[in-house]
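Student: Can we go through this structure together? I would like to know what stands behind each label.

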Number of protein chains: 2
Amino acid sequence: MTFQIPCPAEPGMALSEVDTPALLLDLDAFDTNLQRLDTSLEGKQLRVRPHAKSHKCPEIALRQMAHGAVGVCCQKVTEAEAMVAGGIPDVLVSNQVVGPRKIQRLAALAQRARVSVLADDADNVDALNDAAAKAGVRLNVLVEVNVGANRCGVEPGEPARKLAAVVASSSNLHLRGIHAYQGAAQHVRSADERRALIERAVRLVSETLALLHEDGLECEIVTGAGTGTYLMEAGSDVYNEIQPGSYVFMDADYARNLAEDGKPFHAFLHSLFVWTTVMSHTNPGRAVVDAGLKALSVDSGMPLVDEPGAEYLGASDEHGVLRVDDASRYPLGKKIRLIPGHCDPTVNLHDWIVGYRSDTVESVWPITARGALY
Amino acid sequence: MTFQIPCPAEPGMALSEVDTPALLLDLDAFDTNLQRLDTSLEGKQLRVRPHAKSHKCPEIALRQMAHGAVGVCCQKVTEAEAMVAGGIPDVLVSNQVVGPRKIQRLAALAQRARVSVLADDADNVDALNDAAAKAGVRLNVLVEVNVGANRCGVEPGEPARKLAAVVASSSNLHLRGIHAYQGAAQHVRSADERRALIERAVRLVSETLALLHEDGLECEIVTGAGTGTYLMEAGSDVYNEIQPGSYVFMDADYARNLAEDGKPFHAFLHSLFVWTTVMSHTNPGRAVVDAGLKALSVDSGMPLVDEPGAEYLGASDEHGVLRVDDASRYPLGKKIRLIPGHCDPTVNLHDWIVGYRSDTVESVWPITARGALY
């Protein structure tokens, strides 16, 4: 009962021959995005640790490393394993790792790579320490501080101080710093409002760092920031590491953010697309494409159609229904590019990302951490 | 750079040991659902061809066959390939297949299994015929008729008659029938409204069949229906094949449908769950679990928490935030079951489905058509 899903493309193929629905990467736009991040941070003393949860692809991580990244962030232990297997020597699991099986794998990974992890609970810190001791490693731990996202993390101030002390006193853990990611700020449309949220986060982190300093606990790393706010954290003199992920791809939702000048946020180019075929067109005003909920995620809105005169109205499991102004532009079999609403969960639906330049496939990279849920 | 995602469970393991987030199948509830479908159709002369897009798992399809299914429906050629590889001898691709690569694979599959496909376009019919001739096979084709879903399909009446004639005159195609799936009716809450939509569909199909009959074109199969309406099509004397899929699992969205008596639609049991761990709990009213957008689909609403006093408020990529009434019931590390909002795209996020009875893992079935997008 073996079955292997066929790969939709191979290098050298014309883009028009690539099977659909497939995940496409415009390599010129991708290179531009890598370069634009560098340019935007010129002159700043800052480590960049891009988030690999966006791409789940070691080939992309390696190119980020070539641009000076110090390693990557991951959200799951198995995602980190995939990155280490793909040649990334330094991974921060920017998440809590809970449960004996996961913790044991994390400690085992630390035998092969530089591994850091977050904590927001003292019992969990003890479990991390025990596993590290058993594996004969020292795990790097960052205290996660809730700076407004209200998801994970201890509260700033005393609760953070208390947990940092537990980490610092653990034989097989190294208190490496503070993780303060204001996730709720990333998609706030107004730059002023994003700035206010990040200024508050910076203040909370500063106050917390002062308390730790009183206890003689120095933080080598203060990390956070996403694509929507990273320039603000980078300019704070408090954060010294940032972890944007979506910048390599951009998606329709990030493009709805506004920049400081009130104009659309166009710091990065759309490099990620879902390649899809018009598979039914029996009504002049409606074209049906073969990319639905199993080829793209609609949690942050419908994808945009990268063609004039068409709108993606709705997704069912395997279909997308487009409103089209001119039926003759969307004949049966026509392939078009969709800009996903939200890149991360869209990438996670695909096994390969097809890189192209000038309508020719240049690379087919496996998304090795696709489905690395654990 | 090889990396294999570890399987979250093995047979014999206690449910509490299963890694999270994992897809669970309550085998008792699953068996009940298989039986309840049979019982609900007793005395009817009807073929059942369950939709495999819901489960993508040959092990489940084989159990449906053991309950008398004549084969399965698939939405993609590669999904059909996975089912044939898993031992299913008769597949209906209940979708248009467009593009030379897909059509060629479909024809090749017909060398190994009984294969049927839909069509709603004359040029596409020609392409199917050419590929079938080259492969030395005869493909079964059903004309898809739009009976109100307004997605794919030719209009009923003359357009359907015209396309059926094209199929019937194609040397390597066999006009096997009419496909008339009223997808838009499946999740309409009121049973009366669902019935009105299906009655309209039945009328449109009858009128179309009469036209075909005038031309001497007899339809061996008239198929359609989903979990929300299948009893209506089954009682119509017009449909002779049905294709429910979600009935084996039920999901939170189908459970919002109302039955004929105005009470909740409880024809089937929830057998499908996402197993998740409380991974952060730093605020008494809020517990964070490790199943977010990459472990469940939120297109049809948030998952339900299969525990009292908790509500899944929102999903980010790898996290779900629960409101909890009593913090002490949701300690760090606690594992809970979530009932997915929409089963099909949730299943497609997982590589395995973990079957259990009485808190012990009995089976770990690969979801071999997961990601079979092409």
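Tutor: Let us start with one residue. With 9 C-beta neighbours inside 10 Å, Ser358(B) counts as exposed. Keep in mind that the model is predicted.

Student: What makes Ser358(B) exposed rather than buried?

Tutor: The cut-off for exposed is 12 or fewer other C-beta atoms within 10 Å. Ser358(B) has 9, so the label is exposed. Ser358(B) sits in the loop between strand 16 (352–357) and strand 17 (360–366) of chain B. Its phi is near 50 degrees, a positive value in a residue other than glycine.

Student: Why remark on a positive phi?

Tutor: Most residues other than glycine have a negative phi. Ala225(A) is also listed: its phi is positive, about 85 degrees, although it is not a glycine. Ala225(A) is in the loop between strand 8 (221–224) and helix 8 (230–234) of chain A.

Student: Why is Ala225(A) called buried?

Tutor: Buried needs 20 or more other C-beta atoms within 10 Å. Ala225(A) has 28 such neighbours, so it counts as buried.

Student: And Asp325(A): how do you know whether it is buried or exposed?

Tutor: Count again. Asp325(A) has 12 other C-beta atoms within 10 Å. The exposed class takes 12 or fewer, so Asp325(A) is exposed. It lies in the loop between strand 14 (320–324) and strand 15 (335–339) of chain A.

Student: What makes a peptide bond worth pointing out here?

Tutor: Most peptide bonds are trans. The bond from Thr20(A) to Pro21(A) is cis, with omega near -5 degrees. Pro21(A) belongs to the segment before strand 1 (22–26) of chain A. In chain B, a cis bond joins Thr20(B) and Pro21(B), with omega about -10 degrees.

Student: How do you know that strand 10 of chain B is largely enclosed?

Tutor: Look at its residues. Eleven of the twelve in strand 10 (residues 272–283) are buried, so the rest of the structure largely encloses this strand.

Student: Which strands does strand 10 of chain B pair with?

Tutor: Two bridges are enough to call strands paired. Strand 1 (residues 22–26) of chain B is joined to strand 10 by four bridges, antiparallel. There, Ala22(B) has Trp275(B) as its bridge partner. Strand 15 (residues 335–339) of chain B also pairs antiparallel with strand 10, over four bridges. Thr277(B) stands opposite Lys335(B) in that pair. Strand 11 (residues 286–289) of chain B pairs antiparallel with strand 10 over three bridges. A hairpin of two residues joins strands 10 and 11 of chain B.

Student: Why are strand 2 and strand 3 of chain B called edge strands?

Tutor: Take the sheet first. It is open, has eight strands, and follows the order 2-9-8-7-6-5-4-3 in chain B, with parallel pairing. Strand 2 (47–48) and strand 3 (72–74) each pair on one side only, and they are the edge strands. Strand 2 pairs with strand 9 (residues 241–242) of chain B over two bridges. Arg47(B) stands opposite Glu241(B) there.

Student: How do you know that the span of helix 5 of chain B agrees with its length?

Tutor: At 1.5 Å a residue, the 14 residues of helix 5 (residues 122–135) should span 20 Å. The end C-alpha atoms are 20 Å apart, which agrees. Buried residues of helix 5 include Val125(B), Leu128(B) and Ala132(B). Among the elements covering the buried ones are strand 4 (90–96) and helix 6 (158–168) of chain B. Just after helix 5, Gly136(B) takes a positive phi of about 70 degrees.

Student: What makes the radius of gyration of chain A agree with a compact globule?

Tutor: With 374 residues, such a globule would have a radius near 21 Å; chain A has 22 Å, which agrees. Of its residues, 58% count as buried.

Student: What relates chain A to chain B?

Tutor: A rotation of 180 degrees, with 0.0 Å of shift along its axis, superposes chain A on chain B with an RMSD of 0.0 Å. That is the relation of a two-fold axis.

Student: How do you know that the copies meet through the same surface?

Tutor: Compare the interface residues. Of those in chain A, 100% are also interface residues in chain B, so the copies meet through the same surface. In all, 60 residues of chain A contact 60 residues of chain B. The chain A side divides into 23 nonpolar, 22 polar and 15 charged.

Methods. Residues are numbered from 1 along each chain as its sequence is written. Chains are lettered from A and ligands numbered from 1 in the order in which they are written. This is a predicted model: local features need pLDDT of at least 70, side-chain atom pairs count only at pLDDT 80 or more; totals for chains, interfaces and linings use all residues. Copies are superposed by least squares on the C-alpha atoms of residues with pLDDT of at least 70 in both. Two residues are in contact if their C-beta atoms, placed from the backbone, lie within 7 Å. The expected span of a helix is 1.5 Å times one less than its number of residues. Ala, Val, Leu, Ile, Met, Phe, Trp, Tyr, Cys and Pro count as nonpolar, Asp, Glu, Lys and Arg as charged, and the others, Gly among them, as polar. The radius of gyration is taken over C-alpha atoms; the globule rule is 2.2 Å times the number of residues to the power 0.38.
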